[in-house]
Amino acid sequence: PSTAEPATKVVINLERLQQLPAEKVGPLARYAATIQSQRGDYNGKVLSIRTEDLRSLAIIYDMSPGELTEQLIDWGVLPPEARPSHEE
Ligand code: C2E
Ligand code: C2E
Ligand code: C2E
């Protein structure tokens, strides 16, 4: 499809996030770190965040939520299964 659809389940790969350069993932990395801190959740390899957070992050990255979903899959931060069309 020409219009990418936003992920319905946002499960961030934290190990992959740490490997990417800060100039790309800085805002996302800070957002994830803030949520980890608010939850006291520091031990996971992944972090599940709210669908609503994807909309906030899309504004920060100046993309649509669907475009940001594709970008995050491209970076390996979200798995390809995050695409709504790949839902089980
Ligand atoms: P799932 O949602 O597919 O998550 C699989 C595993 O990913 C979890 O195993 C956990 O190790 C990790 N994980 C996912 N999100 C986070 C996160 O935000 N932080 C951290 N630290 N780890 C995360 P776990 O904990 O054994 O849970 C197994 C399954 O039990 C989950 O599969 C889910 O279906 C259910 N579950 C666990 N906690 C919750 C919850 O708070 N709400 C709901 N609705 N289901 C939960
Ligand atoms: P809050 O929004 O007032 O949520 C209070 C508690 O309700 C959370 O404590 C958590 O135990 C539970 N809770 C709320 N929504 C969900 C949900 O969708 N799934 C599950 N499994 N539990 C939920 P917790 O985790 O210690 O978080 C403390 C505060 O940190 C939250 O207060 C919220 O202000 C912030 N926070 C945590 N995770 C996120 C997130 O993914 N996105 C955003 N925007 N804020 C978050
Ligand atoms: P989940 O725990 O399986 O929750 C799935 C959906 O149920 C959430 O999607 C939200 O729409 C609804 N939900 C669950 N608990 C609450 C609640 O206390 N208040 C409200 N208003 N809605 C609730 P959403 O928001 O996209 O979150 C996706 C996943 O992100 C959650 O899956 C959970 O794994 C994680 N998450 C989100 N917020 C929190 C939080 O505050 N604390 C923790 N520990 N995990 C959270």
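**Exercise 1. Determine which element gives the largest share of the shell around ligand 2, and how the residues of this shell divide by class.**

Solution. In this predicted model, the largest share of the shell around ligand 2 comes from α2, which supplies three residues. To see the classes, begin with the members themselves: ligand 2 is surrounded by Ile 35, Gln 38, Arg 39, Ile 49, Arg 50 and Asp 53. Sorting these residues gives two nonpolar, one polar and three charged. The nonpolar ones are Ile 35 and Ile 49, while Gln 38 is polar, and Arg 39, Arg 50 and Asp 53 are charged.

**Exercise 2. Carry out the corresponding analysis for the shell around ligand 1.**

Solution. First list the residues around ligand 1, which are Val 11, Asp 41, Asn 43, Gly 44, Val 46, Leu 47 and Ser 48. Next assign the elements: the strand β2, spanning residues 46–49, gives the largest share of this shell, namely three residues. Finally sort by class, where the shell around ligand 1 holds three nonpolar, three polar and one charged residues, the charged one being Asp 41.

**Exercise 3. Identify the elements that give two or more residues to the largest nonpolar core, and find what Leu 78 touches.**

Solution. The largest nonpolar core has 12 residues, among them Ala 7, Ile 12, Leu 72 and Leu 78. The elements that contribute two or more residues to this core are β1 (10–13), α2 (22–39) and α4 (65–75), with α2 providing the largest share, three residues. Turning to Leu 78, and leaving aside residues up to four places away in sequence, its contacts are Ala 7, Ile 12, Thr 69, Leu 72 and Ile 73.

Notes: Residues are numbered from 1 along each chain as its sequence is written. Chains are lettered from A and ligands numbered from 1 in the order in which they are written. This is a predicted model: local features need pLDDT of at least 70, side-chain atom pairs count only at pLDDT 80 or more; totals for chains, interfaces and linings use all residues. A nonpolar core is a set of buried Ala, Val, Leu, Ile, Met, Phe, Trp, Tyr and Cys residues joined through C-beta atoms within 7 Å. A residue is buried if 20 or more other C-beta atoms lie within 10 Å of its own, exposed if 12 or fewer, and partly exposed in between; C-beta atoms are placed from the backbone. Helices (H or I, at least four residues) and strands (E, at least two) are DSSP runs, numbered from the N terminus. Two residues are in contact if their C-beta atoms, placed from the backbone, lie within 7 Å. A residue is near a molecule or strand if its C-beta atom, placed from the backbone, lies within 6 Å of it.
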